[in-house]
Amino acid sequence: MQDQRNILITTPIYYVNGSPHIGHAYTSIVADFFSRFFRQRGRRAFLLTGTDEHGQKVAQSAEKAGMSPIDFCDQNAALFRAIAERSSVAFDDFIRTTEKRHTSFVQRMWKQFEKNGWIYKGTYNGWYSVRDEAFYAESEIVDGKAPSGSPVEWKEEESYFFKLSAFTGPLLEWYERRPDFVFPEGRFQELKSFVQGGLNDLSVSRCTFSWGIPIEGTNHVIYVWFDALFNYQSALDTPEKFKSFWTDAKVMHLVGKDIMRFHAVYWPAFLAALECTPDTLSADVLERACRHLQIVTHGWWLSEGEKMSKSLGNTIDPFEIIERYGSDYVRYFLLREPSFGYDGNFTREAFTNRITGELINNIGNLCQRTFTLAHKSCGSAVPTRAPSHPLLEVDLQGEMEGLLAEFKINQAIEAVLAYASKANELVQETKPWALFKAGEQERGEEVIFVLLGAIFKIKEAIAPALPDFHKRISEVFGNQAFAPGIKLAPLAKVFEQIAPA
Ligand code: ME8
């Protein structure tokens with residue numbers, strides 16, 4: 001039976017140390033794609049996004065900008081909200097970790113950890129990367145840098161620790177029960193190898209700066225990742241929301257591959273720690289606490305084959321390209337180009353080729369030709385002669401469901417393109433304009449009926465990727481279900497041409 005549970009879909013909450021990047025827009029677009037897809041199937045989906053505002057990185061960036069941390073956060077959080085809106089990401093909530101609903105929630109969680117015996121005080125001696133806001137073991141440092149390539153510094157400071165080491169065995173046992181916990185499988189293997197190496201206790205507080213959630217009665221603030229991960233629960237700020245979108249729901253955390261470890265190791269450990277003591281920890285507790293969780297990781301966007309970086313000057317500004325091409329084109333390219341889960345390469349050439357070759361020349365051309373004839377020769381209505389035809393029998397939605405159950409986003413889009421190509425072949429074979437010209441009105445109308453039916457299927461199937469296209473084509477059909485005789489509204493242009501790369 002199909003899973004009909006409500007679903008909570010989350011994006012990472014993004015650091016506000018700078019302005020949004022195409023990678024941030026990407027994760028949010030994928031999350032929006034899935035939430036639209038599930039909603040289309042009648043499931044209740046809650047799409048959560050937001051900003052991660054505490055920690056040393058943000059504090060340092062605020063200082064550099066000569067601003068107070070909170071003013072700096074206000075300024076940049078607004079940009080993250082704006083890019084989600086301009087990418088047509090229909091989020092249900094945008095959480096900021098500086099909000100009271102979040103800070104008080106995290107403080108409550110901290111107390112529960114203490115009560116359950118998971119926290120002790122010690123001294124952290126080791127490597128820390130401010131850019132990654134992550135601690136690294138000596139064995140992970142390569143050429144004086146973190147595995148991510150970020151610079152690290154040696155830290156020695158008093159710290160509270162979370163007994164993460166107790167989780168090594170239980171996590172490994174639980175992972176075996178949940179082969180789908182992390183997508184894609186290969187990356188899950190990497191994670192298991194990391195855990196097999198043995199987990200160290202985790203430093204979960206800092207006392208050498210103050211931009212964080214205070215631990216009451218101490219001079220410490222909570223480690224930014226402990227703080228950040230709980231956004232997924234603190235945002236569900238009424239008992240009804242918590243029950244509907246956590247306790248009784250499926251939870252899909254979409255993240256880039258860079259932050260898999262935090263989501264697939266720390267997060268399950270934190271959730272389990274709320275429900276047991278170190279003595280009662282087991283794989284069963286993890287199962288109970290995390291049974292509904294799935295971590296879906298995607299790859300990295302490169303720009304013209306290289307890592308995007310300010311110094312190389314090859315970063316892609318999401319505001320700029322959306323302003324220039326509109327959100328549908330940008331969404332289409334980002335969803336269509338990479339094999340989901342793996343790295344993608346953003347090149348101007350690939351962008352132009354996909355938009356022109358696939359959207360404009362295939363889907364756009366089909367719509368343009370069909371609507372023109374429907375208006376000119378069929379009285380601006382879906383013809384009443386309704387023949388049966390193999391194109392109308394295709395279960396495009398079913399095909400998409402099968403592919404998307406395995407996160408094959410690009411293949412699902414390919415299935416729509418293949419279908420549109422078949423409809424275009426029908427146009428070539430039957431030449432409906434010639435039929436009308438030759439006075440074969442009935443045959444012409446039959447062809448137009450089939451083509452309009454095909455367009456209707458296409459706009460439904462592609463809706464999660466192209467919300468604007470879906471809206472415009474739905475308006476042509478009077479926002480009604482497809483049926484013989486319904487009136488068709490005019491549409492000036494299906495897709496705008498774009499300049500060659
Ligand atoms: O890690 N390609 O925030 P962050 C693809 N605050 N995705 C990219 C990308 C790229 N080149 N660059 C960034 C954090 N991303 C934490 C998260 S969650 C409780 C806390 C996307 O601002 C990708 O989703 O560094 C990556 O995981 C995320 O931005 C990192 O955003």
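The questions and answers below walk through a predicted model of a protein with a bound ligand.

User: Happy to start with the ligand! Which residues around it come nearest?
Analyst: Good place to begin. The shell around the ligand holds 22 residues, and they divide into 11 nonpolar, 9 polar and 2 charged. From that shell, the nearest are Ile 13, Thr 27, Asp 52, Asp 258 and Trp 301.

User: How far is the backbone N or O atom of Trp 301 from a nitrogen atom of the ligand?
Analyst: Let's take the polar pairs one by one. On the oxygen side of the ligand, a polar side-chain atom of His 24 lies 3.2 Å from an oxygen atom, and a polar backbone atom of Gly 256 is 3.0 Å from an oxygen atom. For Trp 301, a backbone N or O atom is paired with a nitrogen atom of the ligand, at 2.9 Å.

User: What percentage of the ligand's accessible area does the protein cover?
Analyst: The reference is the ligand on its own, with 680 Å² of accessible area. Of this area, the protein covers 93%.

User: Which element gives the largest share of the shell around the ligand?
Analyst: The elements that give two or more residues to the shell are strand E1 (7-15), helix H1 (22-40), helix H7 (224-229) and helix H8 (231-234). With 4 residues, the largest share comes from E1.

User: Now the backbone. Which two residues does a cis peptide bond join?
Analyst: A useful reminder is that most peptide bonds are trans. Here a cis bond has an omega of about -5°, and its proline lies in the loop between strand E7 (182-183) and helix H6 (185-196). The two residues joined are Phe 183 and Pro 184.

User: Is Phe 407, with its positive phi, buried or exposed?
Analyst: Most residues other than glycine have a negative phi. Phe 407 has a phi near 60° and lies in the loop between helix H16 (396-405) and helix H17 (409-430). Because its relative accessibility is 7%, under the 20% cut-off, Phe 407 counts as buried.

User: How does Ser 380 count in terms of accessibility?
Analyst: Ser 380 also has a positive phi, near 55°, and is found in the loop between helix H14 (348-377) and helix H15 (390-393). Its relative accessibility is 21%, which falls between the 20% and 50% cut-offs, so Ser 380 counts as partly exposed.

User: Let's look at H12. Which residue follows H12 with a positive phi?
Analyst: At the start of H12, a side-chain oxygen of Asp 317 reaches to within 2.9 Å of the backbone nitrogen of Phe 319. At the other end, phi is positive, near 90°, in the residue that follows H12, Gly 326.

User: Which residues of H12 are buried, and what covers them?
Analyst: The buried residues in H12 are Pro 318, Phe 319, Ile 321, Ile 322 and Tyr 325. An α-helix has 3.6 residues a turn, so residues three or four places apart point the same way. The cover over the buried residues of H12 includes H1, helix H3 (69-86), helix H13 (327-336), strand E15 (344-346) and H14.

User: Lys 192 caught my eye. Which residues is Lys 192 in contact with, leaving aside its neighbours within four places in sequence?
Analyst: Lys 192 is found in helix H6. This lysine counts as buried because its relative accessible area is 10%, under the 20% cut-off. Leaving aside neighbours within four places in sequence, its contacts are Leu 172, Tyr 175 and Glu 176.

User: How far apart are the C-alpha centres of domain 1 and domain 2?
Analyst: The protein is divided into domain 1 (7-298) and domain 2 (350-476). Across the two, 12 residues of domain 1 are in contact with 12 residues of domain 2. The C-alpha centres lie apart by 43 Å.

User: What separates the C-alpha atoms of Gly 485 and Pro 12?
Analyst: Gly 485 is placed in the segment after helix H20 (467-476). Leaving aside neighbours within four places in sequence, Gly 485 is in contact with Ala 381, Val 382, Pro 383 and Thr 384. Pro 12 is 473 residues away along the chain, and the two C-alpha atoms are separated by 47 Å.

Definitions and conventions
Residues are numbered from 1 along each chain as its sequence is written. This is a predicted model: local features need pLDDT of at least 70, side-chain atom pairs count only at pLDDT 80 or more; totals for chains, interfaces and linings use all residues. Side-chain values use heavy atoms; hydrogens and water are left out. A residue is near a molecule or strand if one of its heavy atoms lies within 4 Å of it. A polar contact is a pair of N or O atoms within 3.5 Å; within protein, one must be able to donate a hydrogen and the other to accept it, and residues adjacent in sequence count only if both atoms are side-chain atoms. Accessible areas come from the Shrake-Rupley method with a 1.4 Å probe; for residues, only the protein chains shown count as cover. Ala, Val, Leu, Ile, Met, Phe, Trp, Tyr, Cys and Pro count as nonpolar, Asp, Glu, Lys and Arg as charged, and the others, Gly among them, as polar. Buried means under 20% relative accessible area, exposed over 50%, partly exposed in between (1.4 Å probe, protein chains only). Domain bounds come from an automatic or database domain assignment. Contact means heavy atoms within 4.5 Å.
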